[in-house]
Amino acid sequence: MRILSGIQPTGPSYHVGNYLGAIKQWVEMQETADCLFCIVDLHAITVPQDPKTLAKSTLEKTAELLALGIDPDRCTLFAQSYVKEHTELSWIFSTITPVGELERMTQYKDKAKKQRENANAGLLTYPILMAADILLYKPDVVPVGEDQKQHLELTRAIARKFNARFGKTFAEPAALIPKTGGRIMSLQDPKKKMSKSDPADTQISLFDSPEAIRKKIKIAVTDTGKDIKYSQTKKPGISNLLLLYSLFSGTTISEAETYFKGKGYAVLKKELADVLIETLEPFRVKKHSLISRDVYLREVLLRGAKKARSLAEQTMEEVRAKVGLLS
Ligand code: AMP
Ligand code: TRP
């Protein structure tokens, strides 16, 4: 079984949503599947980036992924821009993707609204590059958070369209979205998903200090009433905290509800902070030991790119022949 997934290298550190929605699955899957994980730096430049910090950020996120348990000896970890076939296939896919399909994408609509002065074509064609990231490696499964479901559907549609036009080339990969944890909400507005681009107090970074974790959980928005009950509609704040507690402590939601019965919100917050600190502290220590090892981190990405490139080249040879480009 082959797995492929991608993650952007920008913004502050990865947060608990990235972990529960995606990275945790990646770490588990390395043991049993042929895994490729791609740091999508070309996607990142669809929003303005400072050229001086982008490369540094890519290396920092590499250190974070390694600290979280991604093991370059058990998987292929690489930077997207090191493998030029991604952009080549993306161009070919752009010639079979209707503009209307791209304009329907929720992420595009959100981002175009947020940055009206920079509504560039790359924001619109972002999902085509993502389809190329995926289909180049012909994976069976793509583990992602819920927000990527629509992009995965488009990827499948592109595979179908390509096959219909040029002959059977790509199987349609399945999205693997965790049953719980695929959509972790903001600590300050539990109706919105937790997002790297929002202020620090809305998210728990995987590398926050114990003091920062305690403070952010303490000021997290809760709901009226006193009961600790899971209900996304009636108690979105408490439900998000309860979900985090359950996923980080390895209990079910209903076990957690029973455990906290009759205890107040303050107890839930204290115990959630405790379990977060206990789980995240080893990640922070590991990141600290990796972060200054620029040469090693770059070498990891180059080694991964070499492996990825040999697979990508095979697919491109097949695609070029099918499309009628000269070999
Ligand atoms: P990004 O940071 O946008 O590159 O996202 C990386 C991965 O984390 C993707 O698989 C997303 O679906 C996932 N993800 C991002 N935010 C959340 C969230 N709030 N809850 C669950 N998964 C998320
Ligand atoms: N669009 C994804 C996100 O924002 C990142 C991504 C790019 C990706 N290429 C991918 C995810 C390929 C899975 C597979 O989270």
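Which of the 13 residues around ligand 2 come nearest? In this predicted model, where local features need pLDDT of at least 70, side-chain atom pairs count only at pLDDT 80 or more, and totals for chains, interfaces and linings use all residues, side-chain values rest on heavy atoms, with hydrogens and water left out. Residues are numbered from 1 along each chain as its sequence is written, while chains are lettered from A and ligands numbered from 1 in the order in which they are written.

The nearest residues to ligand 2 turn out to be Gly 6, Tyr 126, Met 130, Asp 133 and Gln 148; a residue is near a molecule if one of its heavy atoms lies within 4 Å of it. Polar contacts here are pairs of N or O atoms within 3.5 Å; inside the protein, one atom must be able to donate a hydrogen and the other to accept it, and residues adjacent in sequence count only if both atoms are side-chain atoms. Asp 133 puts a polar side-chain atom 2.7 Å from a nitrogen atom of ligand 2, and Gln 148 does so at 3.0 Å, again from a nitrogen atom of the ligand. Gln 8 joins in with a polar side-chain atom 3.4 Å from an oxygen atom of ligand 2. On its own, ligand 2 has 370 Å² of accessible area, and the protein covers 90% of that (Shrake-Rupley method with a 1.4 Å probe; for residues, only the protein chains shown count as cover).

Gln 8 turns up again at ligand 1. There are 17 residues around that ligand, and Gln 8, Gly 145, Asp 147, Ile 184 and Met 194 come nearest. This time a backbone N or O atom of Gln 8 is involved, 3.0 Å from an oxygen atom of ligand 1. A backbone N or O atom of Gly 145 lies 2.9 Å from an oxygen atom of ligand 1, and the side chain of Lys 196 brings an N or O atom to 3.1 Å from a ligand oxygen. The protein covers 92% of the 480 Å² of accessible area that ligand 1 has on its own.

Gln 8 also has its C-alpha atom 9.7 Å from that of Ile 45, although the two are 37 residues apart along the chain. Ile 45 sits in the loop between α2 (41–44) and α3 (51–67); helices are DSSP runs (H or I, at least four residues) numbered from the N terminus. With a relative accessible area of 48%, Ile 45 is partly exposed, the class between buried (under 20%) and exposed (over 50%), using a 1.4 Å probe and protein chains only.

On to the rings: the structure holds eleven aromatic pairs, meaning rings of Phe, Tyr and Trp (its six-membered ring) with centres within 6.5 Å, called stacked if the planes are under 30 degrees apart, edge-to-face if over 60, and tilted otherwise. One of them, Phe 162 with Phe 166, is tilted, at 4.8 Å centre to centre and 50° between the planes. Both residues lie in helix α8 (residues 149–166), four residues apart, or about one turn. Phe 162 is buried at 0% relative accessible area, whereas Phe 166 is partly exposed at 23%. Together with Phe 93 and Phe 170, they form one aromatic cluster.

Helix α9 (residues 210–218) has Pro 210, Ile 213, Lys 216 and Ile 217 as its buried residues. Seen down the axis, these fall within an arc of 135°, so they line one face of α9 (the arc is taken from the directions from the helix axis to the C-beta atoms). The face turned away from that buried side carries the exposed residues Glu 211, Lys 215 and Lys 218.

Methods
Helix = DSSP H or I, 4+ residues; strand = E, 2+ residues; numbered from the N terminus.
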